[in-house]
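Thanks for coming. I have one structure to go through today, and I will keep to helix packing, one sheet and the contact between chains.

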Amino acid sequence: MNDGLGSRSTRAHHHFFSGSYGQTFQFDLVLITLTLLLLGFGLIVLYSALGQSWSGILNQGIRLCLGLGCLMLASQLRVSTYYRWAPTVYAGTILLLFAVELFGVSSKGSQRWLDLPGLPSFQPSEFLKITLPLIVGWYITTRNFKLKSLDYLALILIVGLPTGLVFLQPDYGTALILLIGVAAMLFLCGVRLRWFAGGLVLVAISAPIIWNFVFREYHRKRIITLFNPERDPLNAGWNIIQSKTAVGSGGLTGKGLFEGTQSHLDFLPEGHTDFIIAVIGEELGFVWCVALLCCYLLIFSRLMYLSTTATNGFGYVVGTGITVIFFGYVFVNVAMVLGLLPVVGLPLPLVSYGGSSAITTMAAFGVALAVCTHKQDLEK
Amino acid sequence: MSTKRAYDPVPLTLSKTIVYRASASAVVASFLILLLVARLFQLQIVEHERYATQATDNRLTTQTIPPPRGLIYDRNNNILASNRIVPSLAVIKENVDDIDNLLTNIHALVDFSAAEESSFRTRLENAKGDERVIIKRDLTDEQLAFEAVNRHRFGNFLVITEILREYPHKALASHVVGSVRQITVEDLQQLDPVRYRGSKFVGRRGIEHYYENLLHGEIGLRQVEVNASGRVMSEISVDPATRGQTLTLHLDIELQRVADEALGDRRGAVVAIDPKSGGVLALVSKPSYDPNVFVTGLAGREYDQLSARADAPLFNRAIQGKYPPGSTIKPVLGMAGLAAGVIDWDLEFDDPRGEFRLPDSEKVWRDWNWKKSGVGGQGQVDLFRSIYRSSNIYYFHLGAVLDIDTFAAFLGQWGYGRNTSLDIFDADPGILPNNTWKQDNTGDSWYPGDNMNFVIGQGFTLVTPLQLATIATIFANRGKWVRPRLLLSSEQPVELGQDYPPVQGVAENEWERMIEALTAVVHRGHKGYLQNGLAWAHIGMDIPYQMAGKSGTAQVVAIPEGEEYDEELLPEDQRKHALFFGFAPVHDPVIAVATVIENGGGGSENAAPVVRRVIDSYLADIVAKNDE
């Protein structure tokens, strides 16, 4: 990894929209604007998907404000703070994931939630979209961006432990997104392609072993069902049929807000959570679906751009990691609702009803902003 | 990574590789978004039509609205068959995925017998996917409240309103009105699938069966929006059902009640006909049954239980019970003799001992009045006396000179041996034997002895109470035919069919003479031993109007030659059947009645009072109406 990051040179960067305002407040107008647009759009759609319930919108509004607060707060912390705390945060997340495994709350066949006294229940796996980029960035930085064979083994262990725990919940969607996210981080910081080839070979060899010896029968059954929804026409198959029908029946401009029959007559399950894009497709049509996807693409591009403007390698790695994982959630969710991928039960970031995903996504944006726009560590 | 190093920022250098790879990631992301857009384009633009149809199919369901059945009234606008709206518990077949769980829930909600459960299972199995299968009809208020409160637990259930047939007079009119019953799988093969789509019931007996086409009505269609679990959310359009036609019957339910009470607990039948119209005023068969059990009962056991009973309540004795006519056949035979010219009113036969022998035969044919001691002769008997004293000997003489085919041809005009009713589809034709009949049915030819049995109504001849009443109307009308009918009027007129031509071969004055003889049966009294009308002592002494009639007593078992019939010695089911027919007032008859009481004993003693009670009530009713 010698042709990528590592050689020291000073690079000043200035941009109109982002940067340190008066050396104290970190902010990115483009990202915040896009995020707010998305949140507003999401609330309108949710109002319809929740059957025009104001109390539901109020709940979600409070969560979103909390998320925005997290974004603002997280973006103010110094890069060095994230760097120092990365191992601790990682260890904490691992602990929470073990706690889920031991006394988590089951819902719809998987154990993803933790219900601690005094706190609203939450999904610790959602933290990984921040924790994992941080720990990977931290590790690479400690190795001074020069990774040796043993370092890859260490990375596999560091990433494999939490991902494996998520996989066992089981939350195949999140686990897959995290793995691909980490791979993308390594790709983006210049790891030689032969290492990816080696990784693929490793996966090819270990997959049958894991399938046969690590997985239990019910794991295998679930995975087979994922790819054959017809085997389970009343659950997974039903969802896909109904979501495709909802989206397809929306046509170019949709049936109009509140007019979706698939969602309002309960044909579409999880219309306000995982399948929210089906409601958008049905009620607002192709036009708004494309607009929504464009908005996500813009957010992706902006985060990617901000990452490349980072003044340090750690910021770049963490920023791209958060960006790729965010994008992974968007793609897997939409592809699943449109019947391109198996139904794995993932929310659509910033639009689906629920707190864990929205708050952690916005917190992740804050972290990305912080590590990519802080200049002080260099000017020290 | 064990050491906690201070952050030593490594500045970011955008090497070629980094720029290249960052750009590549943007391209990949754009490509993935484009992939999603392409998929959206495929679903929402290219295949839009298909999914739009699918969504409409999901949400819209066409329900059939079963038409309310036509109402049935009696001649005085008393309702005989009505409809009531009841809440019923149902389930849509598609929504049942765990039948055991469903049954547990059913048991928690309603009383559900094992028979009901097995019937429900069968019906559920045979139902179409979107069909509502009835679990329990006519829910109580408590059950409804319980379902409403616990709906979240019983998500699969539906409470639907059903229109159910109701027979307010219960067992009283069941043999006339009949009943509807649950459409079975076998029924479906014969019914028009379009017209009966959504219908749960079909007329199975009586009027309900015969006029099924008029009563059923036409189905309506309703397009509704349903949610994923099949609950109706809103109504899109309705094409209402057309109610079946209202039918009014000749039946007089109050007269029916009188006839029913007159029979009491005895097995038997009463049929009353208006001789002017042929309308059936009363048609009682006892024992009877409550037809309502066929409507609400879902277990399918009701029929089995009723048909297993020894006294056969489902058996309609009035139209299907076949009995030897006994002496009731004598006035008709007398008319046959007059028509054939072999007798006249002056011809007398001597009856010294109550015995008759055919030429060249040792077999003794006895009068009903025969006594071992030889004092059972009725003296000189002419046709008039042969009627009011019901002489067997007179008819043995007639039977000795007239052959069976001549008798049968004449009796055929009176409706013996066929169903002459216009709209009583399952009335039995009875039996009118002749030479050919006997050859066909026994393989033997007609012997002179058969004639002897025939002339006293004890041979092969069998009649139903309805036929007996029809014969009474022919006498009442002096030979003119009015075929029995139940339907008085309907919303759209129904062509019932033509009446028969009058009975041929008998002059008008012969009719009057015969009716005088029949009147004597009831009214001839205070004349001394062997001189009074047979029924006079039982019904004629205080009768305030003129009534004509004839009794009959039909033997069920043969009495050995030389023995007297002693009712006390016979088991109940071997005792004679009591028969009587009559009409009144004699000069302008408004009612003709016949009754048969199974194993009821002597006709004059037991059957005649039943007939009189019915006529009394009917005439009193007319008098009361005229006074108003």
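**Helix packing, a sheet and the chain contact**

α11(A) passes α13(A) in a left-handed crossing. Keep in mind throughout that this is a predicted model.

Staying with that pair, α11 covers residues 276-308 of chain A, and its axis lies 8 Å from that of α13(A), at an angle of about 30°. Angles under 35 degrees count as roughly parallel, so α11(A) and α13(A) are roughly parallel to each other. On the α11(A) side, the residues that meet α13(A) are L303(A), L306(A) and S307(A). They face A368(A), L369(A), C372(A) and T373(A) of α13(A). By class, the residues of this contact are five nonpolar and two polar, with no charged ones.

Now the other partner of α13(A) that I want to show. Helix α12, residues 313-337 of chain A, packs with α13, residues 356-373, at an angle of about 155°. Here too the axes are 8 Å apart. Angles over 145 degrees count as roughly antiparallel, and α12(A) and α13(A) are therefore roughly antiparallel to each other. The crossing of α12(A) and α13(A) is left-handed. From α12(A), the contact takes F314(A), G315(A), V318(A), G319(A), I322(A), T323(A) and F326(A). From α13(A), the contributors are T361(A), A364(A), V367(A), A368(A), V371(A) and C372(A). That contact has nine nonpolar residues, four polar and no charged. Note that A368(A) and C372(A) appear in the contact with α12(A) and also in the contact with α11(A).

Over to chain B, and the sheet. Three strands of chain B form an open sheet in the order β1-β8-β9, and the pairing is antiparallel. Which strands are at the edges? β1 (60-65) and β9 (232-239) of chain B are, each pairing on one side only. From one strand to the next, the twist averages 30°. Strand β8, residues 220-226 of chain B, is joined to β9(B) by six bridges. As one point of register, Q223(B) has S237(B) in β9(B) as its bridge partner.

Last, the contact between the chains. How many residues does each chain give? Chain A gives 61 and chain B gives 42. On the chain B side, α1 (16-46) and α2 (48-59) each supply at least two residues. α1(B) gives the most to that side, with 18 residues. The chain B residues touching chain A divide into 24 nonpolar, 11 polar and seven charged. Charged residues are thus present on the chain B side of the contact, while the contacts of α13(A) with α11(A) and with α12(A) have none.

How values were computed
Residues numbered from 1 in each chain as written. Chains lettered and ligands numbered in written order. Predicted model: local features only at pLDDT ≥ 70, side-chain atom pairs only at ≥ 80, totals over all residues. Contact = placed C-beta atoms within 7 Å. Helix = DSSP H or I, 4+ residues; strand = E, 2+ residues; numbered from the N terminus. Nonpolar A, V, L, I, M, F, W, Y, C, P; charged D, E, K, R; others polar. Axes fitted to C-alpha atoms, helices over the stretch in contact; angles between N-to-C directions. Parallel < 35°, antiparallel > 145°, perpendicular 65-115°, else oblique. Left-handed = near helix turned anticlockwise from the far one by under 90°. Pairing = 2+ DSSP bridges.
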